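Me: I would like to go through this structure carefully, one question at a time, with the reasoning set out before each result.

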Amino acid sequence: MLFGFWRKKDKKKPVDPLAAFDQLIEDLERQGAEVRKSAATLLALKGELSRSLERYTRQREDILQRLAAVEARGDGKGAQVFRRDQAQTEALLRSTREALDRAELDSRLLLEAATGIGARATELRIERQSASARLTAGSLVTSAMREQVDRIEKVLAVDAARDEVERAHALAEIYREEQGEGPEAE
């Protein structure tokens, strides 16, 4: 057969409903762990970016002080160098602030997502417990009903036996009457 296209597919056994809950809860917990891990990475990045922002701010202030001193001396070339350094530091400050803002926003979103995933997993655990209780109660009711059905079948069997005995007596009575041995023949 080519590639098994004409093979009959194996019928899968019915899945345990509680196993489906367990699998979904496990998947949510795994996803939540990954989201929390990513959020922790972003929080660490935020710390690093905050330190860089402080460093660049101090560096800019130092450059501005030096620039003022150089300009006060009238050193044009030195002032030009410090202005270039100031422009580079300003660019680093801007990009660091943007990165910090992005990291702040992304980490907040990830923490919210982790909270949502955790809440959903908790809801599913509660629903699973309820489903487990209902399945247990259902199986108890089913077994009780099965016992009741068995009793009913026994009662019906006894009733059928009684009917059979009644028919046998009635048939014997008819037979006796035909033979002339009945109570009327006496």
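Me: Over residues 46-73, what percentage of the chain is helix, and how far apart are the end C-alpha atoms?
Reply: The model is a predicted one, and within it residues 46-73 carry the UniProt annotation "coiled-coil region", which comes from an unreviewed entry. Strand accounts for 0% of this stretch. The chain there is 100% helix, and the end C-alpha atoms are 40 Å apart.

Me: What distance separates the end C-alpha atoms of helix 1, and what span should its 57 residues have?
Reply: Helix 1 covers residues 17-73, and at 1.5 Å a residue its 57 residues should span 84 Å. The distance between its end C-alpha atoms agrees with that expectation, being 83 Å.

Me: Which residue just after helix 1 takes a positive phi, and of about what value?
Reply: Helix 1 ends at residue 73 and helix 2 begins at residue 76. Just after helix 1, the residue with a positive phi is Gly-74, at about 85°.

Me: Are helix 1 and helix 2 roughly parallel or roughly antiparallel to each other?
Reply: Helix 1 packs with helix 2, residues 76-179, at an angle of about 165°, and their axes are 6 Å apart. Angles over 145 degrees count as roughly antiparallel. The crossing of the two helices is left-handed, and by class their contact has 34 nonpolar, 13 polar and 17 charged residues. Helix 1 and helix 2 are therefore roughly antiparallel.

Me: Is Leu-67 buried or exposed?
Reply: Leu-67 has its place in helix 1, and its C-alpha atom is 8.7 Å in space from that of Val-81, with the two residues 14 apart in sequence. Under 20% relative accessible area is the cut-off for buried. Because its relative accessibility is 8%, Leu-67 counts as buried.

Me: How does Arg-36 count by its relative accessibility, and what is that value?
Reply: Arg-36 lies in helix 1, and the C-alpha atoms of Arg-36 and Ala-113 are separated by 8.8 Å although the residues are 77 apart along the chain. Values between 20% and 50% count as partly exposed. Arg-36 is therefore partly exposed, at 45%.

Me: What is the C-alpha to C-alpha distance between Ser-38 and Leu-111?
Reply: Ser-38 is found in helix 1, where its relative accessibility of 33% means that it counts as partly exposed. In sequence, Ser-38 and Leu-111 are 73 residues apart, and in space their C-alpha to C-alpha distance is 9.2 Å.

Note on methods
Residues are numbered from 1 along each chain as its sequence is written. This is a predicted model: local features need pLDDT of at least 70, side-chain atom pairs count only at pLDDT 80 or more; totals for chains, interfaces and linings use all residues. Side-chain values use heavy atoms; hydrogens and water are left out. Axes are lines fitted to C-alpha atoms, for helices over the stretch in contact, and angles run from 0 to 180 degrees between N-to-C directions. Helices (H or I, at least four residues) and strands (E, at least two) are DSSP runs, numbered from the N terminus. Angles under 35 degrees count as roughly parallel, over 145 as roughly antiparallel, 65 to 115 as roughly perpendicular and the rest as oblique. A crossing is left-handed if the near helix is turned anticlockwise from the far one by less than a right angle, and right-handed if clockwise. Ala, Val, Leu, Ile, Met, Phe, Trp, Tyr, Cys and Pro count as nonpolar, Asp, Glu, Lys and Arg as charged, and the others, Gly among them, as polar. UniProt positions are given in the numbering used here, feature names are shortened, and annotations may be inferred rather than shown by experiment. The expected span of a helix is 1.5 Å times one less than its number of residues. Buried means under 20% relative accessible area, exposed over 50%, partly exposed in between (1.4 Å probe, protein chains only).
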